[in-house]
2 protein chains.
Amino acid sequence: MALDSSTKPHERLSAYLADDLNAVNRLITERMASEHAPRIPEVTRHLVEAGGKRLRPMLTLAAARLCGYEGSYHINLASTVEFIHTATLLHDDVVDESAQRRGRPTANLLWDNKSSVLVGDYLFSRAFQLMVETGNLRVLDILSNASATIAEGEVLQLTAAQDLRTDEAIYLQVIRGKTAALFSAATEVGGVIAGADEARVRALFTYGDALGVSFQIVDDLLDYGGVSEQTGKNVGDDFREGKLTLPVIKAVARADDEERAFWARVIEKRKQEDGDLEHALGLLRKHGTLEETRREALAWSAKAKAAAAELPEHEIRDMMIDIADYVVERIS
Amino acid sequence: MALDSSTKPHERLSAYLADDLNAVNRLITERMASEHAPRIPEVTRHLVEAGGKRLRPMLTLAAARLCGYEGSYHINLASTVEFIHTATLLHDDVVDESAQRRGRPTANLLWDNKSSVLVGDYLFSRAFQLMVETGNLRVLDILSNASATIAEGEVLQLTAAQDLRTDEAIYLQVIRGKTAALFSAATEVGGVIAGADEARVRALFTYGDALGVSFQIVDDLLDYGGVSEQTGKNVGDDFREGKLTLPVIKAVARADDEERAFWARVIEKRKQEDGDLEHALGLLRKHGTLEETRREALAWSAKAKAAAAELPEHEIRDMMIDIADYVVERIS
């Protein structure tokens, strides 16, 4: 890969960490094997090899290297993070009854829900084994707490996403759970395994948290404004699923009675008709909530960059800052 | 509870460990709470309070006390074991599309599959947090390995249970995964947390493993011969689901061409007609496989008792031996 200035920052970081990432890929392949149940590597390979950016494990590797780590447990922890992420995707697709992920049919469609549930459980257990091998109780504490936050956020979303009373604070809890908790755990454990001091660990946590929140807000915003080819998802998916996200939450807060009745019908009752998406987009524009959501994503990205700025000078730090810019580039 | 000789041994053990079990129940209630997602305690309570025997957590408490443990981490570990068990039940009911569990409607029926999948994930994470709190890396190793064995066994069952090539060795792998792995981890970690010597830890592991295998074989046997009220499940459930268990595996191994065609139709193709269950029962009797399965359950129970006999003399040890007898009493 030619690393000119047009190369995306996560690609530059990926090239910088190539040896570590190869070690992660080897460990993942080794640990997703199952002597007895060939269904496990089949399903896992489908997802793991689907061309995800490996952003989360890369954050762990980056944090560890940035803090001068010379051991090999960062490979375990990065693989742990990717396994937790993969397990979550498998279960999410069952819960959302999704048919597509990263432009390919989902595992629940190719095999069945049973395989997705149980292979997800297997990957959670494998993640757990990988982190136990580090023998570091603090990283175990961080990652077990992150797992609980992820699951709690997902359950919260089940009830909150269809409830017009859901406010911005609840939305933030949901996206911390579904996205930011794993980002912040990924960066934090990288620092902890490297024995970094508390200020650095804290900055790494804050960077991951703010990056994750920004990332999810952008994703939710693009669902109302992105281009299908660009995002790998169709515009209006969240709307059609009746899922409340930030642009709508802000519009509901400013809705008059008629608008509120509209949102209640399409989100709470999920009774949608032709033209509803266009009407919804009109309301989001009328109240300026797409622009406001965009500004919030930019603010979280700025927070991530400020946290990264507290880290020691390092090529990796600069790429982390660029990644925080890149996450919001699609909406800038 | 009057503890006369007619009291069941697990009830006597429960009475003996009453203080510890109360502490476990308090910890479970505390940890199944969720500040943000009330759906979590609702679903969990439905299962946890459904009147299970708490056999698995009791085994951890028993093993720890038998080995002279005076600390409090056995409460964490027993709660861990119960949370892993509860999470597994939630996911199993989704996978099996079950409508009843312990004589009550299942969570997937009362709420939905989504809640069962995600609340199960939450309980797995909570289990993980509880064990990390003990700070004992060896119990973390044992329980993470057990979790992987459980999930692997469940995935193996997905493909093996409908495949007539499944032999007794594969059956044993499946039931080790779905049942015995948690029993043996439960007893083993009780010994480990108490700092017991290797011979005792080994005997505790073997007791739990053999008890679990015996328990599952009895369960599978009763599905072809038990009484509905007694077992809480309908006779022939496994048959109707086309699930290969030991009595059928043994009958398939001795089937002539015509019998093999019958099994292929009802198990592999799941094309069942009126009278098929009766015909199947006739074949199991003809080849004597119910009796043979019964003898295997008894042999595993004897193995459990032999392992318990290696443990130091103690009231708890005697109750553990009685429990191994009780598990096979329903088929004796």
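**Reasoning behind the labels**

Modeller: In this predicted model, B:Lys286 is exposed, since its relative accessible area of 55% is over the 50% cut-off.

Colleague: What makes the contact between B:Glu259 and B:Lys286 a salt bridge?

Modeller: The closest N and O atoms of the two side chains are 2.3 Å apart. The criterion asks for a Lys or Arg nitrogen within 4 Å of an Asp or Glu carboxyl oxygen, so B:Glu259 and B:Lys286 qualify as a salt bridge. B:Glu259 sits in helix α14 of chain B and B:Lys286 in helix α15, so the pair ties together parts 27 residues apart in sequence.

Colleague: How is B:Glu259 classed, buried or exposed?

Modeller: B:Glu259 has 6% relative accessibility; buried means under 20%, and therefore B:Glu259 counts as buried.

Colleague: Why are B:Glu291 and B:Arg294 said to be about one helical turn apart?

Modeller: Both belong to helix α16 of chain B and are three residues apart, which means a separation of about one helical turn. Their side chains form a salt bridge, with the closest N and O atoms at 3.0 Å. B:Glu291, at 36% relative accessible area, is partly exposed, and B:Arg294, at 23%, is also partly exposed, because both values fall between 20% and 50%.

Colleague: What is the relative direction of α16(B) and α17(B), and how do you know?

Modeller: The two helices pack at about 180 degrees, with their axes 9 Å apart. Angles over 145 degrees count as roughly antiparallel, so α16(B) is roughly antiparallel to α17(B). Among the residues that make the contact are B:Leu298 and B:Ser301 of α16(B) and B:Ile321 and B:Val328 of α17(B).

Colleague: What describes the direction of α3(B) relative to α7(B)?

Modeller: Their packing angle is about 90 degrees and their axes are 10 Å apart. The range from 65 to 115 degrees is called roughly perpendicular, so that term applies to α3(B) and α7(B). The meeting residues include B:Ile40 and B:Val43 in α3(B), with B:Val119 and B:Tyr122 in α7(B).

Colleague: How do you know that A:Glu152 has no salt bridge?

Modeller: The nearest side chain of opposite charge, B:Arg126, is 6.6 Å away. The limit is 4 Å, so A:Glu152 and B:Arg126 do not qualify. A:Glu152 is nevertheless buried, and its side chain makes a polar contact of 2.5 Å with that of B:Ser34. A:Glu152 lies in helix α8 of chain A and touches residues of chain B including B:Ile40 and B:Tyr122.

How values were computed: Residues are numbered from 1 along each chain as its sequence is written. Chains are lettered from A and ligands numbered from 1 in the order in which they are written. This is a predicted model: local features need pLDDT of at least 70, side-chain atom pairs count only at pLDDT 80 or more; totals for chains, interfaces and linings use all residues. Side-chain values use heavy atoms; hydrogens and water are left out. Helices (H or I, at least four residues) and strands (E, at least two) are DSSP runs, numbered from the N terminus. Buried means under 20% relative accessible area, exposed over 50%, partly exposed in between (1.4 Å probe, protein chains only). Lys and Arg count as positive and Asp and Glu as negative; His and the chain ends are not counted. A polar contact is a pair of N or O atoms within 3.5 Å; within protein, one must be able to donate a hydrogen and the other to accept it, and residues adjacent in sequence count only if both atoms are side-chain atoms. Contact means heavy atoms within 4.5 Å. Axes are lines fitted to C-alpha atoms, for helices over the stretch in contact, and angles run from 0 to 180 degrees between N-to-C directions. Angles under 35 degrees count as roughly parallel, over 145 as roughly antiparallel, 65 to 115 as roughly perpendicular and the rest as oblique. Lists of a residue's contacts leave out its neighbours within four places in sequence.
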